[in-house]
Amino acid sequence: MMEKDKILKEGLLEQYILGSLSKEDTATIESILQNDIELKQQLDLLEADLERISFENAIEPPLNVKLALQSELEESQVKKTNWVPLFAAASLAVLFLLGSLWMYTQWQNAEQNLESLQDRTVNLQQRLENLEQNYQLTSNRLETINNPNVVPLVLYGNHIAPNAKAVAYVNHKNKLVLINPQGLPKLPRDKTYQMWSDVEGEMVNMGVVPTDEKLVVLKYIDHAESLNITIEPAGGNDHPTVEQLVSYVIL
């Protein structure tokens, strides 16, 4: 281990400061300085003295060198404060952002228009299908009631419904009965019209007659002697309410 006196006498601290010691001696000095406060203070005094001596004996550089250094520093600062490239990059970024936003908005509008067009196409297609179905149904009904075997019968209202009128179409050959109830007065929601066939004094149910349809298909009853319309509770009745008979026609 290197002794403290040897360090001071041989000027190893000065050589340490100047960096002229070997790696091994430098490591030894640094190890001793960590544990020897007095020697560390001596090292600090030597560093302060060397710094002071350096400043006192400093040589002022030539004027042209000083001016060259100042010019270099000013140019460096100008380069540092050159914001033009940054402004250009920022402008391009803003333009890119605005362009992307505009394209996104256009895409959203186009997608909404496409969805609206698809909805309208589906709606039109559904309406066309409904029209075709209605046309086919109407065509079939006209063909049915215009059949030469069809017998049209008009049922006029009595004192209960003096303005009532319905037309029944009876095809005995095909055993088919249709009735147009559009001329029957509207009833309360808890009431309905119902048609019956009189067969040897017995009233046989043919079905209810809703007034919101143009033609109603009813059950054909063999050997019917007359057609009768009564007012019954909504949904129909098992037996006719004779007191509510509003119309009949003999076959």
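Tyr 169 of strand S2 stands opposite Leu 178 in S3, a good spot to start looking at this predicted model. Local features here need pLDDT of at least 70 and side-chain atom pairs count only at pLDDT 80 or more, while totals for chains, interfaces and linings use all residues. Residues are numbered from 1 along each chain as its sequence is written, and side-chain values use heavy atoms, with hydrogens and water left out.

**Around S2**

Helices (H or I, at least four residues) and strands (E, at least two) are DSSP runs, numbered from the N terminus. Two strands count as paired if DSSP finds at least two bridges between them. S2 (residues 165-171) has strand S1 (residues 150-156) as an antiparallel partner, joined by seven bridges; there, Tyr 156 sits opposite Lys 165. S2 also pairs with S3 (residues 176-180), again antiparallel, over five bridges. That S2-S3 hairpin has four residues between the strands, and Lys 175 takes a positive phi near 55 degrees. Six of the seven residues of S2 are buried (under 20% relative accessible area with a 1.4 Å probe, protein chains only; exposed is over 50%, partly exposed in between). The strand is therefore largely enclosed by the rest of the structure.

**Around S7**

S7 (226-233) gets similar treatment: seven of its eight residues are buried, so the rest of the structure largely encloses it. Eight bridges tie S7 to S4 in the antiparallel sense, with Met 195 opposite Ile 229. S7 and S8 are antiparallel too, over five bridges, and Ile 229 stands opposite Ser 247 there.

**The cores**

A nonpolar core is a set of buried Ala, Val, Leu, Ile, Met, Phe, Trp, Tyr and Cys residues joined through side-chain atoms within 4.5 Å. The largest one has 25 residues, and Ile 179, Met 195, Leu 218, Leu 227 and Ile 229 touch the most other members. S1, S2, S3, S4 (191-199), S5 (202-209), S6 (216-218), S7 and S8 (245-250) each supply at least two residues of this core. Apart from it lies another core, of 10 residues, among them Ile 7, Leu 13, Leu 21 and Leu 39.

What is Leu 218 in contact with, leaving aside its neighbours within four places in sequence? With contact meaning heavy atoms within 4.5 Å, the list is Val 177, Ile 179, Met 195, Met 206, Gly 207, Val 208 and Val 209.

**Helix H3**

H3 (residues 23-35) has 13 residues and should span 18 Å at 1.5 Å a residue (1.5 Å times one less than the number of residues); its end C-alpha atoms are 19 Å apart, which agrees. Ile 29, Ile 32 and Leu 33 are the buried residues of H3. Seen down the axis, they fall within an arc of 105 degrees (taken from the directions from the helix axis to the C-beta atoms), so they line one face of the helix. They pack against H1 (4-9), H2 (12-18) and H4 (37-56). The face turned away carries the exposed Lys 23, Glu 24, Gln 34 and Asn 35.

**Annotated spans**

These come from an unreviewed UniProt entry; positions use the numbering here, feature names are shortened, and annotations may be inferred rather than shown by experiment.

| UniProt annotation | Residues | Helix | Strand | End C-alpha distance |
|---|---|---|---|---|
| transmembrane region | 83-104 | 95% | 0% | 31 Å |
| domain: Anti-sigma K factor RskA C-terminal | 87-241 | 38% | 30% | 95 Å |
| coiled-coil region | 107-141 | 100% | 0% | 51 Å |
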